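Let's take a walk through this structure together, starting from one residue and working outwards. Have the sequence and the 3D view at hand, and follow along as the picture builds.

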Amino acid sequence: MQLRWIILASALAGLAAGLLLSAPFARFIPPAEGHGAWYASRAAGLVAYGFLWLSLAGGLVMSSAWFDGIVNRARLLALHQSLALAGLALGLGHALVLIPDGWTHFGLADLFVPFASYYQPADAAMGTLALYLFAIVSFSFWFRGAIGPATWRWVHRASFVAYIAALWHGVRIGTDTGTLPVTLLYILASSLLLGALAVRLTYVRPRRQPAARPPSRAAAEPAG
């Protein structure tokens, strides 16, 4: 089965599960009361963080060659890019959905010009910078030939700066940070990312030994 069909099937399964589980869990969700855009922004921000974390951790594991021979590297690369692009789209939605919200007063400059936000400008700027850096890193793949492998690797290392900025933004400005599930999400994601980084820095792929060639018939026969 091709990767795109796997992704499509996973998306449809997730949609079906969401529809089935929405009714039982609806009573645990507070009413929007005119703050629907705010809740949507919070949800999109958390899911965007999850997708970007998965993309970064997956890229580390892929580049370490740990799963070579187990999972096709081309599929890992496609999944790595798909997760990054999905995270970017959700991160953009996390910001844009606040503009029509009547409760907050965010404009384009507040959301997309670093340190221009009327609300906690430094912490908001970390989210803006994380979005820009992740976008540069994600789209740099298509320009690898133009910028060269060495420059491309340095650009990709900026994804760690972007992750730290996104984590800072979420912890400092996120209204859900104090809740146990979100706190556990940040701790678990960051711990696993450090583990993937350790694998990338220390794992050495074992060299394959060439198969021993059987002795030739002439060498196996006794002389004389």
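A84 counts as buried in this predicted model, because its relative accessibility is 10% and the cut-off for buried is under 20%. You will find A84 in helix α3. What does A84 touch, once neighbours within four places in sequence are left aside? The contacts are L52, S55 and S138. Another residue to look at here is V137, which is 53 residues from A84 along the chain, with 9.2 Å between the two C-alpha atoms. Both V137 and S138 belong to α5 and are buried there.

Now turn to F51, which sits in helix α2. Is F51 buried or partly exposed? F51 is partly exposed, because its relative accessible area is 26% and the buried class ends at 20%. Not counting residues up to four places away in sequence, F51 touches L83, A86, G87 and L90. H80 is 29 residues from F51 in sequence, and the C-alpha atoms of the two are 9.6 Å apart in space.

With those two residues in place, step back to the whole chain. How many helices and strands does the chain have? There are nine helices and zero strands, so the pattern read along the sequence is α-α-α-α-α-α-α-α-α. Of the 224 residues in the chain, 30% are buried. The chain exposes about 14,600 Å², and carbon and sulfur atoms supply 72% of that area. Among contacts with a separation of 6 or more, 65% join residues 24 or more positions apart.

Two of the helices are worth following from end to end. α5 has 19 residues, which should span 27 Å at 1.5 Å a residue, and its end C-alpha atoms are indeed 27 Å apart. The buried residues of α5 are D123, A124, A125, G127, T128, A130, L131, F134, V137 and S138. As you trace them, keep one general point in mind. An α-helix has 3.6 residues a turn, so residues three or four places apart point the same way.

α7 passes the same kind of check: its 25 residues should span 36 Å at 1.5 Å a residue, and the distance between its end C-alpha atoms, 36 Å, agrees. Buried in α7 are W152, H156, S159, A162, Y163, A165, A166, H169, G170 and I173. Several of these names will come back when we look at the empty spaces.

Before that, pause at the loop between α4 and α5, where F115 is placed. The phi of F115 is near 70 degrees, a positive value in a residue other than glycine. F115 counts as exposed, because its relative accessibility is 52% and exposed means over 50%. Q120 is also found in the loop between α4 and α5. Q120 has a positive phi of about 40 degrees although it is not a glycine, and at 30% relative accessibility Q120 counts as partly exposed.

Next come the spaces inside the protein. Rolling a probe the size of a water molecule over the atoms shows where empty space is left. The count comes to one cavity of 30 Å³ or more, and the volume of the largest cavity is about 690 Å³. Which residues are closest to its centre? Of the 37 lining residues, they are G45, H94, G127, H169 and I173. The elements that give two or more residues to this lining are α2 (36-63), α3 (73-96), α4 (108-112), α5 (121-139), α7 (149-173) and α8 (180-202). α2 supplies the largest share, nine residues. By class, the lining of the largest cavity has 21 nonpolar, 13 polar and three charged residues.

Finally, look at the largest pocket, with a volume of about 780 Å³. Its lining has 28 residues, and G59, L60, S63, W152 and H156 lie nearest its centre. At least two lining residues come from each of α2, α3, α5, α7 and α8. α2 gives the most to the lining of the largest pocket, with seven residues. Sorted by class, the pocket lining has 15 nonpolar, eight polar and five charged residues. W152 and H156, which lie nearest the pocket centre along with others, are among the buried residues of α7, and so are H169 and I173 from the cavity.

Conventions:
Residues are numbered from 1 along each chain as its sequence is written. This is a predicted model: local features need pLDDT of at least 70, side-chain atom pairs count only at pLDDT 80 or more; totals for chains, interfaces and linings use all residues. Side-chain values use heavy atoms; hydrogens and water are left out. Helices (H or I, at least four residues) and strands (E, at least two) are DSSP runs, numbered from the N terminus. Buried means under 20% relative accessible area, exposed over 50%, partly exposed in between (1.4 Å probe, protein chains only). Contact means heavy atoms within 4.5 Å. Accessible areas come from the Shrake-Rupley method with a 1.4 Å probe; for residues, only the protein chains shown count as cover. On a 1 Å grid over the protein atoms alone, a cavity is a set of points where a 1.4 Å probe fits but cannot get out, and a pocket is an open set with protein on both sides within 12 Å along at least five of seven lines; lining residues have an atom within 4 Å of a point. Grid points are joined across faces, edges and corners, and a volume is the space filled by probe spheres set on the points. Ala, Val, Leu, Ile, Met, Phe, Trp, Tyr, Cys and Pro count as nonpolar, Asp, Glu, Lys and Arg as charged, and the others, Gly among them, as polar. The expected span of a helix is 1.5 Å times one less than its number of residues.
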